[in-house]
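Student: Could we go through this structure together? I would like to know where the words used for it come from.

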Amino acid sequence: MKNNYDVVIVGTGAGGCFTALHFPEDKNILMVTKSELEESDSFLAQGGICVLKDKDDFESFLEDTLKAGHYKNSEDAVKLMINSSRNIINELIDFGVDFTNKDGELLYTREGAHSKPRILYHKDVTGKEITEKLLKKARERKNITILTKIMMVDIISENNICGGVVLKDEQGKIFPVYSEYTVLATGGLGGIYENSTNFPHLTGDALGIAIKNDIKLKDISYIQIHPTTLYSEKHERKFLISESVRGEGAFLYDKEYNRFADELIPRDKLTKKILEQMEKDGTNHVWLDMRPVIKKGIDIKKRFPNIVKKCLEEGYDVEKECIPVVPAQHYFMGGIEVDLNSRTSMKNLYAVGETSCNGVHGANRLASNSLLETLVFGKRAAEDVCSQKNESVLEKFEFNEKKYKDTDKLIREYKEIIFEEIEKDKIQKEKNL
């Protein structure tokens, strides 16, 4: 590994990889991840990826996204995402992504709060399929270096200009890596919560770093709870039961096995219904029944193989019985504030994916918009960097290693200030009501 690159990308999920792949091959790029390559939340996305099905779908796609987001979205960002969607899908197919099809025609499914089917998928592991193919392509590029078990502890900056990152390797060594441009693609913050569908190492470090360096945040209190994760008394990452299960016809029941809600209302509203029902019933979960999907003629072992397998491992045969489900923290709509080109408030610093906030999702994300938003704005970040002709600033930055003697303490401080900022944002939004 060198000590300077044209671009450093922190994060190796779908957003990080897609961004890297849109740089020309004469750019030297370093990608780092805090854990293993397979442990990004992009791998966990089950349901699928939205796309503008045809020109007649535009208004309903726009309205579905805005309505799910309680009209707190940036309409310009949403329109840009929708209009870019078909090109993104075509690029993914060119990269080898295998979306489910019949006789060469792509198949579309529907999820909660969508007025019509517009979601492409690969079984029930769409995120894994997309991210694996993107990682494969990134690894083939000679100009891209990918390193695992490398943690970002800070950025290098001066006068609101970013000049790289401060990293910590597995042996505890702290060192700077300088870059003309830096892209934060570090994912969400589920690791700071007790119950989350996220990998536990995703603790929102980039947010803490942004706060520390006076980089603007946006809507940081907009945190989504997914209504259906597999209930377990084990203290581990919660297993998601995809919204597409309900989109295909699964029912939710109370303790007496009676339906109590419309299964396809937006996530935040369904979560509220479930929590209310749990309190009313005095239970730790509600029931999800996948057997109605089978009655529709759908082979759930083919449509949802990963979910069926996981439930069997936990002792539930979804073809014969209901499974217990409970809400858990799932997605972060807020983040580091960015414009439509993924620029942050600090020069030469970009943010993409869940760690960023361009306003697409508003106060609540529409199902299967996350992968699309990540890819659209990751590509735009790379294109924006390539359109600039900045003079080199690398030699202007100094690194003070003494500041990072106790990185464990620093990470704890990041977690504390993240919670503080979330609470401040929540209070401010309540005042504005």
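Tutor: Gladly; we will take the terms one at a time, keeping in mind that this is a predicted model.

Student: How do you know that C17 is not in a disulfide?

Tutor: A disulfide needs two cysteine sulfur atoms within 2.5 Å. The closest cysteine sulfur to that of C17 belongs to C386 and is 17 Å away, so it is too far for a bond.

Student: And why does C50 form no such bond?

Tutor: The same test applies. For C50, the closest cysteine sulfur is in C357, at 18 Å, which is too far for a bond. By this rule the model has 0 disulfides.

Student: Why is C17 called buried?

Tutor: Buried means under 20% relative accessible area. C17 has 0% relative accessibility, so C17 counts as buried. C50 is also buried, because its relative accessible area is 0%.

Student: What makes G163 buried?

Tutor: Its relative accessible area is 0%, so G163 falls under the 20% cut-off. You will find G163 in strand 9, which covers residues 161-168. G187 is 24 residues from G163 along the chain, and their C-alpha atoms are 21 Å apart.

Student: Let's turn to a sheet. What makes strand 12 and strand 13 edge strands?

Tutor: Four strands make an open, antiparallel sheet in the order 12-15-14-13. Strand 12 (223-230) and strand 13 (251-253) each have a single partner strand, so one side of each has no neighbour in the sheet. From one strand to the next, the twist averages 45°.

Student: How do you know that strand 12 pairs with strand 15?

Tutor: Pairing takes at least two bridges. Strand 12 and strand 15 (residues 323-332) are joined by 6 bridges and run antiparallel, so they count as a pair. Across this pairing, I223 stands opposite F332 in strand 15. In general, strands of a sheet pair through backbone hydrogen bonds.

Student: Which helix lies across these strands?

Tutor: Helix 7 (residues 267-281) lies across strands 12, 13, 14 and 15, at about 55° to strand 12.

Student: Why is helix 5 called roughly perpendicular to helix 12?

Tutor: The axes of helix 5 (residues 205-212) and helix 12 (residues 407-432) come within 8 Å and cross at roughly 80°. Angles of 65 to 115 degrees count as roughly perpendicular, so helix 5 is roughly perpendicular to helix 12. Their contact has 8 nonpolar, 1 polar and 3 charged residues. Among those that meet are L207 and I211 in helix 5, and L410 and Y414 in helix 12.

Technical notes: Residues are numbered from 1 along each chain as its sequence is written. This is a predicted model: local features need pLDDT of at least 70, side-chain atom pairs count only at pLDDT 80 or more; totals for chains, interfaces and linings use all residues. Side-chain values use heavy atoms; hydrogens and water are left out. Buried means under 20% relative accessible area, exposed over 50%, partly exposed in between (1.4 Å probe, protein chains only). Helices (H or I, at least four residues) and strands (E, at least two) are DSSP runs, numbered from the N terminus. Axes are lines fitted to C-alpha atoms, for helices over the stretch in contact, and angles run from 0 to 180 degrees between N-to-C directions. Contact means heavy atoms within 4.5 Å. Angles under 35 degrees count as roughly parallel, over 145 as roughly antiparallel, 65 to 115 as roughly perpendicular and the rest as oblique. Ala, Val, Leu, Ile, Met, Phe, Trp, Tyr, Cys and Pro count as nonpolar, Asp, Glu, Lys and Arg as charged, and the others, Gly among them, as polar.
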